[in-house]
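Got your viewer ready? Here's a short tour, one selection at a time.

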Amino acid sequence: MPVRLATPDDAQAIERIRTDTWRATYRGLLPDALLDRLGYDGRDRRNAMARMGADRFALVAEHDGEVVAFCYGGPSRTVSLPGHPGEIYAIYALPEHQGHGHGAALIREAAKQCLERGWRGATVWVLRENAPARRFYERMGARYLEGRDETRELDGVPIIESGYAWDDVSVLARGA
């Protein structure tokens with residue numbers, strides 16, 4: 001499963017993956033207006049990727065030379081989780097490529113990226129109602145952070161995200 005560091009040239013593909021995946025996964029869980037507003041224009045993402053610091057990483061997985069999944073990560077945005085300085089911000093695969101190992105390959109490479117930055121522990125946050133994603137993180141060895149669900153606002157609507165953690169990502173990295 002080819003996984004590599006993403007470049008700004010991957011921005012358009014990443015936007016397509018994000019848009020198609022959000023529309024397929026979150027319909028009925030997030031406001032339709034938000035999902036319908038998403039688009040494929042990768043200009044903002046391209047600019048953000050060009051300015052990305054060394055403390056962040058972006059990865060893509062390919063199938064037959066086409067980018068079909070991506071992962072972003074960096075320093076934890078949750079300061080109250082000592083021992084978990086890394087975070088996976090996003091990981092998505094095109095719906096037709098889900099269940100083919102791209103997500104697992106990305107998680108393992110993300111673990112290596114965390115270790116390269118000196119982060120042994122990492123977290124990921126998932127929409128509480130997204131049961132398939134929660135099961136995926138559990139299969140990848142993450143533990144649910146009991147009592148750590150957080151309410152956030154997205155497009156004016158409160159959503160609840162559940163936290164998952166890996167106390168030692170080196171276990172994941174060895175599987176890469």
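We'll visit a helix pair, then a pocket.

This is a predicted model, with local features needing pLDDT of at least 70, side-chain atom pairs counting only at pLDDT 80 or more, and totals for chains, interfaces and linings using all residues. Residues are numbered from 1 along each chain as its sequence is written, and side-chain values use heavy atoms, leaving out hydrogens and water.

Select helix α1 (residues 11–26) and helix α3 (residues 43–50): their axes come within 8 Å and cross at roughly 125° (helices are DSSP runs of H or I, at least four residues; strands are E, at least two; axes are lines fitted to C-alpha atoms over the stretch in contact, with angles from 0 to 180 degrees between N-to-C directions). That makes α1 oblique to α3 (not under 35 degrees, over 145, or 65 to 115).

Now show side chains: Ala11, Ile14, Glu15 and Arg18 in α1 meet Arg45, Arg46 and Met49 in α3, contact meaning heavy atoms within 4.5 Å.

Next, colour strand β4 (residues 86–93), which gives the largest pocket 7 lining residues, the largest share. Centre on Tyr26, Ala90, Ile91, Tyr92 and Tyr137, which lie nearest the middle of this pocket among its 49 lining residues (a pocket is an open set of points on a 1 Å grid where a 1.4 Å probe fits, with protein on both sides within 12 Å along at least five of seven lines; lining residues have an atom within 4 Å of a point).
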